[in-house]
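Colleague: I have a model open and would like to learn how to read its enclosed spaces and helix contacts. Could you take me through them?

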Amino acid sequence: MSHPDPSTTASPAAGMVTDLKDKLDYASYLALDQLLTAQRPLSAPEHHDELLFIIQHQTSELWMKLVVHELTEAVRLTRLDQLEATFKILARVKHIQAQLLSQWSVLATLTPSEYVQFRHVLGPASGLQSYQHRMIEFLLGRKDPRMMPLFKHRADIFGRLDAILRAPSLYDEFLRLLARRGMSVPAASVERDFTQPYQPHADVVAVFKTIYENPAKHWDFYEMCEKLVDVDEQYSLWKHRHMKVVERVIGFKRGTGGTAGVAYLRDRVDDRLFPELWDVRTEIKG
């Protein structure tokens, strides 16, 4: 059997661009000089595990930035009656949520004895103050005006959050679309004070029952319902994992932001973003 002459065989790297002077390269495109120097531990001497803590939260915020971007577009498309275009967006959001969920396993390697060595440098800083997390909740319909004072010291952020707080959420826009398309959604569920938490309504459960019992007739509604349940379920899993990791790392100490810590997180684990989409499951008959 003959073998190729190494001197005449093209290298897999043949044609690789190596002269990058004054050209856009990978590091410049991704602003890596800024990104990789944005980790600034405050412990002195620097504790080994503080870098883990910072990167965990910074990467979470990057993923949340993408979720805000995607959900904002999903709200816009739903408002325009373009449900099918939202399906891929919500599928993507579900996968981003899975990334956020899996990240907790990395932070769970931080032991209580390690965290206590640098927890004091956080002062009152807390994930409770994540404005992107709050945007996600508002976009999905978990409105809570009581959270707004956390951001009053940042006029730019406060303004963005306030606009999302006052606007219909993705769930609100879906219900409004259903009403426009002839489904019997009660007026109280579509014309309301959008700054307040959504209140479940039995008539909305009845609308979803009609959809679930006739999926072929209402396929786009049916698919949207399931995409929303996917997002809601992932969010619930994320909250539960968050609560358990916090319990594992700090036990039942108070949170740095002043909350009751694990007890505060536990109260929110069973919150449902889209309540009637869960209630309808009990009503569907075989």
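Modeller: Happily; we will look at the cavity and then at a pair of helices. Keep in mind that this is a predicted model.

Colleague: How many cavities of 30 Å³ or more are there?

Modeller: The count comes to one cavity of 30 Å³ or more. As the largest cavity, it has a volume of about 140 Å³.

Colleague: Which residues are closest to the centre of the largest cavity?

Modeller: Of the 13 residues in its lining, the closest to the centre are Gln97, Leu100, Ile136, Tyr235 and Trp238.

Colleague: Which helix gives the most to that lining?

Modeller: Helix H11 does, with four residues. At least two lining residues come from each of H3 (50-79), H4 (83-107), H6 (131-140) and H11 (219-250).

Colleague: What is the chemical character of the lining of the largest cavity, by nonpolar, polar and charged residues?

Modeller: The lining has 10 nonpolar and three polar residues, with no charged ones.

Colleague: Now the helix pair. At what angle do the axes of H4 and H11 cross?

Modeller: They cross at roughly 15 degrees, and the axes come within 9 Å. An angle under 35 degrees counts as roughly parallel, so H4 and H11 are roughly parallel to each other.

Colleague: Is the crossing of H4 and H11 left-handed or right-handed?

Modeller: The crossing is left-handed. As for the residues in the contact of H4 with H11, 19 are nonpolar, five polar and six charged.

Colleague: Thanks, I can now follow both features on screen.

Conventions:
Residues are numbered from 1 along each chain as its sequence is written. This is a predicted model: local features need pLDDT of at least 70, side-chain atom pairs count only at pLDDT 80 or more; totals for chains, interfaces and linings use all residues. Side-chain values use heavy atoms; hydrogens and water are left out. On a 1 Å grid over the protein atoms alone, a cavity is a set of points where a 1.4 Å probe fits but cannot get out, and a pocket is an open set with protein on both sides within 12 Å along at least five of seven lines; lining residues have an atom within 4 Å of a point. Grid points are joined across faces, edges and corners, and a volume is the space filled by probe spheres set on the points. Ala, Val, Leu, Ile, Met, Phe, Trp, Tyr, Cys and Pro count as nonpolar, Asp, Glu, Lys and Arg as charged, and the others, Gly among them, as polar. Axes are lines fitted to C-alpha atoms, for helices over the stretch in contact, and angles run from 0 to 180 degrees between N-to-C directions. Angles under 35 degrees count as roughly parallel, over 145 as roughly antiparallel, 65 to 115 as roughly perpendicular and the rest as oblique. A crossing is left-handed if the near helix is turned anticlockwise from the far one by less than a right angle, and right-handed if clockwise.
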